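Here are some notes to go with your first look at this one. Keep the viewer open and click along as you read.

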Amino acid sequence: MSTTVPAPPPTEPPPGPSPGGAPAAAPEEVVVAPTGPTCGHCGAAMASDQDWCLECGTAAPGRLASRPTWRTGTTVVALTLLIGSGAVAASYAALSSDSKRAASRPTPVASAPVGPAPATPPATNTAPVSPRQFIPPPAPVPAATPKPSPAPPKPAATSAPAATPKTSAPAVKPVKPKAKPKPARAQPILLDTNAASTYDPANHPANTFSDPANAIDDDTATAWSATTDPQGNLGAGLAIDLNTRQKLSRLRLITDTQGMSVEIYGANGPTLPKTISDPAWVRLTSRPALKARATIKLNTHAKRYRHLLVWVVRGAPGSGASPVDIAELSLFP
């Protein structure tokens with residue numbers, strides 16, 4: 001950079017009175033012209049290698065410009081704005097590139113148990129958004145107006161009413177119905193101790209029969225018995241007097257003589273008929289081969305009887321002259 005060489009100081013005359021006694025005149029300022037280059041604008045001295053005037057800032061002759069003007073300032077401002085615009089554009093490009101890389105980078109998905117695929121969400125715009133871009137909120141979707149349900153069809157005249165659905169009831173353990181009580185067993189008719197007698201129209205010897213009361217004493221160890229003839233026939237029986245006419249349904253009989261044949265008769269009147277062939281006897285039923293324990297149904301046809309007769313026709317087949325017996329006899333209404 002050039003330096004300014006100061007001018008030599010002016011030579012002052014020596015002090016003293018001027019000739020003629022008049023006061024001495026003031027010395028004149030001597031202007032020394034610079035020997036080097038000077039500023040073309042203000043005339044200030046400049047060094048040979050000085051580019052700008054230190055006084056006014058004008059460029060030395062032959063330089064870029066002799067003086068800064070408004071065009072120079074405008075150019076500097078324009079260049080500054082251009083550089084700033086480039087920096088902003090580069091920053092925006094860098095931000096956009098980062099947004100695109102972040103959007104394209106796959107998001108790690110955590111493994112989930114296998115199950116039904118979730119519902120696909122509605123597609124959205126995934127384009128990168130500028131930091132200064134304004135995204136308006138989505139417009140509200142109007143609620144769908146429910147359509148009026150059509151009127152139900154009228155049921156046909158012949159259609160049956162719809163069955164009301166059954167509601168599920170709590171499980172209840174089935175209750176077993178109680179068994180019906182068994183009807184009370186019919187009790188036999190109560191007989192007098194002298195109700196039994198031997199009916200013997202043929203007048204057998206007295207020792208042919210035992211006591212008839214043994215057949216109604218509720219003891220199977222005792223029995224009314226008789227002895228048949230050599231052909232096995234007896235022609236006698238055991239009669240029961242009920243004193244009054246009563247309803248009779250069946251007869252229960254216990255015997256030790258299995259296979260003997262009997263007939264059952266009924267009669268009314270104060271006394272027994274004289275013979276078995278008397279029409280006063282009504283035949284109720286018969287058993288050709290009696291078992292040891294037998295319940296015999298009586299065909300009374302709802303008629304009531306006072307007298308009942310067990311007529312022993314014959315003993316067991318092929319037994320010849322042998323005893324027959326009735327251990328117990330019961331009558332049921």
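1. Let's start on the surface. Bear in mind that this is a predicted model. D211, D217, D218 and D219 come together there as a patch of negative charge. If you colour the surface by charge, these four aspartates are the ones to look for.

2. Two members of that patch deserve a click of their own. D211 sits in the loop that runs between β1 (196–199) and β2 (224–227). Its relative accessibility is 44%, so D211 counts as partly exposed. D218 is in the loop between β1 and β2 as well. With a relative accessibility of 72%, D218 is exposed, because the cut-off for that class is over 50%.

3. Stay on D218 for its backbone. D218 is not a glycine, yet its phi is positive, at about 60°. For background, most residues other than glycine have a negative phi. N243 does something similar: this non-glycine residue has a positive phi of about 70°. You'll find N243 in strand β3, and its relative accessible area of 42% makes N243 partly exposed.

4. Now zoom out for the overall layout. The protein chain carries one helix and 10 strands. Reading from the N terminus, the order is α-β-β-β-β-β-β-β-β-β-β, so the helix comes before the strands. Of the 333 residues in the protein chain, 23% are buried.

5. How many salt bridges does a search of the whole structure find? The count is two. One of them joins R306 to D241, with 3.0 Å between the closest N and O atoms. R306 belongs to strand β8 (residues 305–314) and D241 to strand β3 (residues 233–246), so this pair ties together parts of the chain that are 65 residues apart in sequence. As for cover, D241 is partly exposed, at 23% relative accessible area.

6. The other salt bridge pairs R283 with E263, and here the closest N and O atoms are 3.5 Å apart. This pair also links distant parts of the chain: R283 is in strand β6 (residues 282–287) and E263 in strand β5 (residues 261–267), 20 residues apart. Are the two partners buried or partly exposed? R283 is partly exposed, with a relative accessible area of 47%. E263, on the other hand, is buried, at 18%; the class of buried residues takes in values under 20%.

7. E263 has another contact you may want to display. Its side chain makes a polar contact of 2.6 Å with the side chain of Y265. So when you look at E263 in strand β5, show both R283, its salt-bridge partner, and Y265, its polar contact.

8. Next, a charged residue without a salt bridge. D200 is in the loop between β1 and β2. D200 is buried but forms no salt bridge, and the nearest side chain of opposite charge, that of K274, is 13 Å away. What lies 2.6 Å from a polar atom of the D200 side chain? It is the backbone nitrogen of H204.

9. L298 is worth a stop too. This leucine is in the loop between β7 (293–297) and β8. Its relative accessible area is 5%, so L298 is buried. Although L298 and L248 are 50 residues apart in sequence, their C-alpha atoms are 7.1 Å apart in space.

10. Finally, try D192, which lies in the loop between α1 (70–104) and β1. D192 counts as partly exposed, with 41% relative accessibility. Its C-alpha atom is separated by 9.7 Å from that of A213, a residue 21 positions away along the chain.

11. If you only have time for a quick tour, here is a route. Begin at the negative patch that includes D211 and D218, go on to the salt bridge between R306 and D241, then to the one between R283 and E263. End at D200, which is buried and has no salt bridge.

Definitions and conventions
Residues numbered from 1 in each chain as written. Predicted model: local features only at pLDDT ≥ 70, side-chain atom pairs only at ≥ 80, totals over all residues. Heavy atoms only, no water. Patch = residues over 30% accessible without salt bridge, like charges linked within 9 Å, V, L, I, M, F, W, Y side chains within 5 Å. Areas by Shrake-Rupley, 256 points an atom, 1.4 Å probe, with all protein chains shown as cover. Lys, Arg positive; Asp, Glu negative; His and termini not counted. Charge placed at Lys NZ, Arg CZ, Asp CG, Glu CD. Helix = DSSP H or I, 4+ residues; strand = E, 2+ residues; numbered from the N terminus. Buried < 20%, exposed > 50% of the residue type's maximum accessible area, 1.4 Å probe, protein only. Polar contact = N/O pair within 3.5 Å; in protein donor to acceptor, adjacent residues only side chain to side chain.
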